[in-house]
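Thanks for sharing this one; here are my notes, set out as numbered points. I begin with a helix and its surroundings, then move on to a strand residue, a sheet, a cavity and a pocket.

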Amino acid sequence: MLSRPTPEQDQARALPIDTLEEHILQCLQQQGENGIADAVDTAISQSAYYGASDLHLEPWADYLSMRYRIDGILQQVALIPNEFQAKLIARIKVLADLVVYRKDVPQDGRIDFKKTSCNRPMRVSTVPTINGEKIVIRLLGDAENVYRLDVLGFQDHVVDNLREIITRTQGTLLLTGPSSSGKTTTIYALLQEMMDMQMNTTNIVTIEDPVENTMDRISQLQINPNVDFTFASALRAILRQDPEVIMVGEIRDVETANMAIQAGLTGHFVISTIHSGTAPGVFIRLLDMGIEPFLVASSITGVIAQRLIRLNCPDCIQAYTPDPVTLEHFGIAKSRAKFYQGMGCESCIDIGYRGRASIGELLLVNDEFSEQVLHRATTAKLYETAKKLGMETMSEDGLKKARKKITTLEELVRVLPSGVH
């Protein structure tokens, strides 16, 4: 499961969260450019030490707001006086090789891992707002063991089935879930497993937007719509490059979907993502896009739907009784309601949660399920068939984790698709 460092584990680097604003303001009040550079480095480095996935700098009417997205939730860290806004943003744009004087257009850039003290590569996005430029910094390059299937939080049988699927020489494996549900991390873990198993005997090519993590022994392509280098055009090109494994970052249109699905039928193993609420819903999405049922039924070997749930902080976990509405949502009697939650402490910076893990449902396609797809069965019918064939739902996976003290029912309500329980 994915955990993040705590102040106790990283005392040499992490500042107490309640003094971080004061420390940044002290840096800003220094004379010269060194103060601005120190403030930016502190803001970025501390976000990494607290395990944040993103750092948000947003100009409000009276302040520049600094927030960290920790375990999927934005946490307010500092309110910086507007007088420092321009210099802070300019410093970040210099680090990301962006055009400093262009403040009227969105810009995207990267910060090399050598440019900050936390040694993490980062992706930077700027957009103009009525109060000035807003910047979001995405921290990349997590710890190496993140890209292993057995640490992501999936149940053992899901990991075993995924490992079996990726040994196949053809077919399509699709991942689905909303943004920030862990799909990219799962894909990188799958690719790492494939490289570990097959060493240098397989030609693996990825098409990404953007490339979030560089991997050795893999050809990684980054799309560029400005020169018409799209997912579809890149896929068309690499099919002439003798690939065995193709990863398409996202199926966004009919052309990409058709090409990816057909590639999975013609001697290639394809991994991609597509937006849908549940694993069975992916098939309806593809049919609605206009993909022929026989192609969908023949090419797709498996679909995994996933979400990221926050984990109870082990240092402040206590027994509690969820409210009656939440219990009723999951059909649990109050007399059987034995659950646990983190109450908030220094280790979890009073959030109650520390770290995240995946919950998921893996749908393995067989002849019976394919027959339902060929007959354009409804989502409800496909869901019923998948459960009959042994698919454990995300809700069932999550409930197991809640009963094992890993998370809370409230967290499951927050992340599960509407209507799923």
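1. Let me start with what covers the buried residues of helix H13: the cover includes strand S12 (300-312), strand S14 (339-342), strand S15 (353-364) and helix H14 (409-415). Please keep in mind throughout that this is a predicted model. H13 itself spans residues 394-403 and is mostly covered, with seven of its 10 residues buried. Those buried residues are Met394, Ser395, Asp397, Gly398, Leu399, Lys401 and Ala402. Just after H13 comes lysine 405, which takes a positive phi of about 75 degrees.

2. Serine 358 is a good residue to click on next, and its place is in strand S15. Its relative accessible area is 3%, so serine 358 counts as buried. Leaving aside residues up to four places away in sequence, serine 358 touches Leu152, Gly153, Phe154, Gln306, Arg307, Leu308, Asp397 and Lys401. Two of these names, Asp397 and Lys401, also appear among the buried residues of H13.

3. From there you can hop to glycine 153, which is found in the loop between S6 and helix H4 (156-165). Is glycine 153 buried or exposed? Glycine 153 is buried, because its relative accessible area of 10% falls under the 20% cut-off. Its C-alpha is 9.5 Å in space from that of isoleucine 309, although the two residues are 156 apart in sequence.

4. Now for the sheet. Six strands form an open sheet in the order S3-S2-S1-S6-S5-S4, and their pairing is antiparallel. The edges are strand S3 (73-81) and strand S4 (107-111), each of which pairs on one side only. From one strand to the next, the twist averages 20 degrees. Within this sheet, strand S1 (residues 52-59) and strand S2 (residues 63-70) are joined by seven bridges in the antiparallel sense. If you want a register check, aspartate 54 stands opposite arginine 69 in S2.

5. Which helices pack on the sheet or lie across its strands? Helix H1 (residues 20-28) packs on the sheet, where it touches S2 and S3, and its direction makes about 35 degrees with that of S3. Helix H2 (residues 33-49) lies across S1, S2, S4, strand S5 (122-129) and strand S6 (132-139), and runs at about 25 degrees to S2.

6. How many cavities of 30 Å³ or more does the structure hold? There is one, and the volume of the largest cavity is about 60 Å³. Its lining is made of Ile24, Ala39, Val40, Ala43, Ile44, Leu55, Leu57, Met66, Ile80, Leu88, Ile92 and Ile137. Two or more lining residues come from each of H2, S1 and helix H3 (85-95), and H2 gives the most, with four. By class, the lining has 12 nonpolar residues, no polar ones and no charged ones.

7. Finally, the second largest pocket holds about 580 Å³ of space. It is lined by 18 residues, and Asp108, Gly109, Arg123, Asp209 and Pro210 are the closest to its centre. S4, S5 and S6 are the elements that give two or more residues to this lining, with S5 giving the most, four residues. The classes here are six nonpolar, five polar and seven charged residues, whereas the lining of the largest cavity has no polar and no charged residues.

Note on methods: Residues numbered from 1 in each chain as written. Predicted model: local features only at pLDDT ≥ 70, side-chain atom pairs only at ≥ 80, totals over all residues. Heavy atoms only, no water. Pairing = 2+ DSSP bridges. Axes fitted to C-alpha atoms, helices over the stretch in contact; angles between N-to-C directions. Contact = heavy atoms within 4.5 Å. Buried < 20%, exposed > 50% of the residue type's maximum accessible area, 1.4 Å probe, protein only. 1 Å grid on protein atoms, 1.4 Å probe; cavity = no way out; pocket = protein on both sides within 12 Å on 5 of 7 lines; lining within 4 Å. Points joined across faces, edges and corners; volume = space filled by probe spheres on them. Nonpolar A, V, L, I, M, F, W, Y, C, P; charged D, E, K, R; others polar.
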